[in-house]
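The following exercises introduce a protein structure step by step. Please attempt each task before reading its solution.

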Amino acid sequence: MIDIPQKFDAFQYRNRALSFAVAVIKRYSDDRAGSKAALVTYYLFMSLFPLIIWLAQLSNWLNRYYPGTADYLIKGATYYFPVIGDKLFAIAHNSTASLTGLIVPGIIALYGARGTALTFLSALGDMWGVSDQDRFKFPWNWLRGLGIVVMGGGGFVLTAIATAWASAKGHGPVFSFLVALVSIIMLTLVFMAILRLSLPSNIRIHKVLSGALSMSIALTILQLVGGYLITHDLKNYTDSYTALFSVALGLLAWIYLVAQVLFYSTEITLVIDRKLWPIHLFKQ
């Protein structure tokens, strides 16, 4: 009788590309990264709508003194959400300025963002195998979480604004490649700051750099490929109720996909750095 699992195990062990993919998927499963991605999605989804409303309120206040310039804040915040970001921008832009609308959404957004940062910090610690004694305890984990929110959120918005501004200056494949390259470089710096705040100092900078580079490349590719798919699926939903549900469900799916891609890129970095492939899936 043919032992199919053993045959496949032997085949993937001999095939370097396949064994690498198997090692990454196995680590992702062993680290329970899927559940971590779901928790990140929950907190980020909780904070995103209040954040957009808060930015809209801030934009309305700023537009009184600097007309038109504050719109870049919302566009930068929604840049990484294809089509969905445009709908969120349109919804938020119709709001009216009020002090309550500025304070309450800001508190809710900060709470959700803090939960996102702390969950991401804990997940990276599990993936990188950080010991309990090297993990950040209260209040340092809260302070680092706040640093991740400020530096990460601000970095993503600045990168989005710079990328959108550069994209409007020219056309053509070469120019588009240069814009994507600049975006990857800026995202790498942002992810380096996030990883440096999330991981203990005994993890060397070249490992942080490789992890940040893999995350930035993965996010850029996802933005290009996923943006096309979401645009194709959601562009025909124009009914108000259908649009509302499509935005909510599409947003959840997109955030979860982004979180999974970032965690997979982390596993890729670790598998390469620690030479964790090829591996046998079954005992010999």
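**Exercise 1. Helix pair**

Task: Determine how α7 and α8 are oriented relative to each other, parallel or antiparallel.

Solution: The structure is a predicted model. Helix α7 covers residues 140-167 and helix α8 covers residues 173-198. Their axes come within 9 Å and cross at roughly 175°. An angle over 145 degrees counts as roughly antiparallel. The two helices, α7 and α8, are therefore roughly antiparallel to each other. By class, their contact holds 15 nonpolar, 8 polar and 2 charged residues.

**Exercise 2. Overall make-up and confidence**

Task: State how many helices and strands the protein has, and identify which helix has the lowest mean pLDDT.

Solution: The protein has 10 helices and 0 strands. Of its 284 residues, 43% count as buried. Turning to confidence, the average pLDDT of the protein is 79, and 78% of the residues score at least 70. Among the elements, helix α5 (residues 84-93) has the lowest mean, 58, while helix α2 (residues 16-30) has the highest, 91. Where pLDDT is low, predicted coordinates should not be read in detail.

**Exercise 3. Two residues of one helix**

Task: Classify T41 as buried or exposed, and find which residues T41 contacts beyond its neighbours within four places in sequence.

Solution: T41 lies in helix α3, which spans residues 33-63. Its relative accessibility is 5%, so T41 counts as buried; the cut-off for this class is under 20%. With neighbours within four places in sequence left aside, T41 is in contact with L252, I255, Y256 and A259.

F49 is also placed in helix α3. At 28% relative accessibility, F49 counts as partly exposed. The C-alpha atoms of F49 and P105 are 8.4 Å apart in space, although these residues are 56 apart in sequence.

**Exercise 4. The nonpolar core**

Task: Establish how many residues the largest nonpolar core has and which helix gives the most to this core.

Solution: The largest nonpolar core has 34 residues. Those with the most contacts inside it are L124, W128, F191, L195, L199, M215 and F263. At least two residues each come from α3, α6 (99-127), α8, α9 (205-234) and α10 (240-273). Helix α8 gives the most to this core, with 7 residues.

L195 serves as an example. Apart from neighbours within four places in sequence, L195 is in contact with L124, V208, G211, A212 and M215.

Finally, consider contacts between residues at least 6 apart in sequence: 81% of them join residues at least 24 apart.

Terms used: Residues are numbered from 1 along each chain as its sequence is written. This is a predicted model: local features need pLDDT of at least 70, side-chain atom pairs count only at pLDDT 80 or more; totals for chains, interfaces and linings use all residues. Side-chain values use heavy atoms; hydrogens and water are left out. Axes are lines fitted to C-alpha atoms, for helices over the stretch in contact, and angles run from 0 to 180 degrees between N-to-C directions. Helices (H or I, at least four residues) and strands (E, at least two) are DSSP runs, numbered from the N terminus. Angles under 35 degrees count as roughly parallel, over 145 as roughly antiparallel, 65 to 115 as roughly perpendicular and the rest as oblique. Ala, Val, Leu, Ile, Met, Phe, Trp, Tyr, Cys and Pro count as nonpolar, Asp, Glu, Lys and Arg as charged, and the others, Gly among them, as polar. pLDDT is the predictor's confidence in each residue, from 0 to 100. Buried means under 20% relative accessible area, exposed over 50%, partly exposed in between (1.4 Å probe, protein chains only). Contact means heavy atoms within 4.5 Å. A nonpolar core is a set of buried Ala, Val, Leu, Ile, Met, Phe, Trp, Tyr and Cys residues joined through side-chain atoms within 4.5 Å.
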